[in-house]
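Open the model in your viewer and keep the selection tool at hand. We will move from one helix to the cores and then to some charged pairs.

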Amino acid sequence: MSTRMEYIISPWEIESYIQNLQMSELQDIGTEGWLEFHKRLILLNQQNVLEINALREENVKEWFVSFKKIPILIYEAIQIDVWKHKVFPILVEMNAEPSNTFMHFTIFYHENIVVSLLESVLFHSESAETMDDSSLDLVDYAVKYVSSLLDIQDIEIYENLKDPNSCLEEILEKKKELEFDISMRCISILRYLAEYADNLPICVLSRLLATHDVPYLLAQLIENQPWKKENAEGESMIYNSGWKKVKSSEEGKISKIEGQVWFGLRELLLNPKSAPYYEITEHRLTQLIKLQKYLHETVLDQISPLIDLKRWLSYLTMSQCQSRGPLTINVELIPQIKSSIMEKYQKKWKKLAKYQSKLLYTKDAEFIKNAAKILSDAYDLNKLDWIDPKECFLCHEDAKKRCSKCKEAWYCGRKCQVKDWESHKNICDKITKTVKNEQQD
């Protein structure tokens, strides 16, 4: 039985990649140099996932914190978001149907990758100290994406395509899928920002509470629960880096994302420093007290710190919106990243789109070949296979070992593999023979 690989990239590559990480330029998106940069971020993300899943020392996180490179991830996410709204629509208008989805997908996926890295790195409190003023930009970015979850249609990928053979239609649906995943990850990011608010500039707490009213936003999420749905067969589905069927053993269990929402609410509402920035108005009171019906014993048994939140909400109900004192007046810093990008390329969007059309709609075989070569390591299916979560073929629990012969069956341990061998051995032989014949051909 084979076990999981040790590294996607070596320890010295991790350190070197992060140490030399620089912000990209908007006009460079799609160039070979930018693709190389994109590849390195993908490999760092894959290595990070591997370290987390294997419960090993998180080298990727350590170097991002040590070299203070987290603001670069924030910048990259915001820059791609600007590109999507300012350049991409012009590209679609200027050009005919693209011949492939590869280049566009790579750009959309770039944003997803940096947000995935942000979500993982920000799990650790020391990361807060290295964000500086970029944390304000991250607040705005995350709130925007999380807010989109309250106005989203429940559509399966590709089922809404008017023309299944259209590359543009496929690109738009893929964009929607990636944006949904980013929105879910931004829930965790908001929770971490709320938790580390005391270690961030004071204006971050003000922006979370007074500017964006994040508690109200999170309370609406609890009511809407966009991380849950039913499939065509009426089976319950839960979102966790993709839609998955809820196992019978997991029914009634709080999902990771819902847990993040609850923790975010608790951190913001129970923080003594929040009061001066968050007046409990009648409108807010109405929404917040609705949370009480969701804080039943099943939830409290799983997340015991929420008992404090339930007690606070009970007090809030009894106090009936009493004034909590005068609001603090503070000089608030303004997020700079998005405004700086917008100012730099003001009235240059069409020119930029015209230039990037040559890259994204190219039919130059040599350029496409070089681009594919650059990204071949990042999209190595063998590496991706190791970092994707697997289920035991027998008991359906998390699996970290697989059949060394066919390399298709996964198990939680030797006990399940031995039990399953009678039913697996025939298919194992067939897969092994098929692969052998293909290699000989």
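Here is a short tour, one selection at a time.

Before you click: this is a predicted model, in which local features need pLDDT of at least 70 and side-chain atom pairs count only at pLDDT 80 or more, while totals for chains, interfaces and linings use all residues. Residues are numbered from 1 along each chain as its sequence is written, and side-chain values use heavy atoms, with hydrogens and water left out.

**Stop 1: helix α3**

Select residues 59-66, helix α3. Helices here are DSSP runs of H or I with at least four residues, numbered from the N terminus. N59, V60, K61, F64 and V65 are buried in this helix, buried being under 20% relative accessible area with a 1.4 Å probe, protein chains only. Now show α1 (11-19), α2 (32-53), α4 (70-86) and α6 (102-121), which are among the elements covering those buried residues. Just after α3, look at K68, whose phi is positive at about 55 degrees.

**Stop 2: the cores**

Which residues touch the most other members of the largest nonpolar core? Select F64, W83 and W227; the core they belong to has 121 residues. Such a core is a set of buried Ala, Val, Leu, Ile, Met, Phe, Trp, Tyr and Cys residues joined through side-chain atoms within 4.5 Å. Colour helix α8 (residues 167-195) next, since it gives the most to this core, with 12 residues.

Centre on W227 and leave aside its neighbours within four places in sequence: its contacts (heavy atoms within 4.5 Å) include M184, I187, Y239, W243 and V261. A second, separate core of 9 residues includes C392, C403, C406 and C428.

**Stop 3: charged pairs**

Side chains of opposite charge can pair when their charged atoms come close. Counting a salt bridge as a side-chain nitrogen of Lys or Arg within 4 Å of a carboxyl oxygen of Asp or Glu, the model has 20 salt bridges.

Select E119 and R185, which meet at 2.6 Å, N to O. This pair links helix α6 to helix α8 across 66 residues, and both partners are buried. Add K256, which also bridges to E119, at 3.7 Å, N to O; K256 lies in helix α11 (residues 256-270), 137 residues apart from E119.

Finish with D213 and R284, a salt bridge at 3.0 Å, N to O. D213 sits in the loop between α9 (202-211) and α10 (214-224), and R284 in helix α12 (residues 282-289). D213 counts as buried because its relative accessibility is 15%, and R284 because its value is 14%. As a last selection, take K84, E111, K175 and E179, joined into one network by salt bridges that share partners.

Definitions and conventions
Buried < 20%, exposed > 50% of the residue type's maximum accessible area, 1.4 Å probe, protein only. Helix = DSSP H or I, 4+ residues; strand = E, 2+ residues; numbered from the N terminus.
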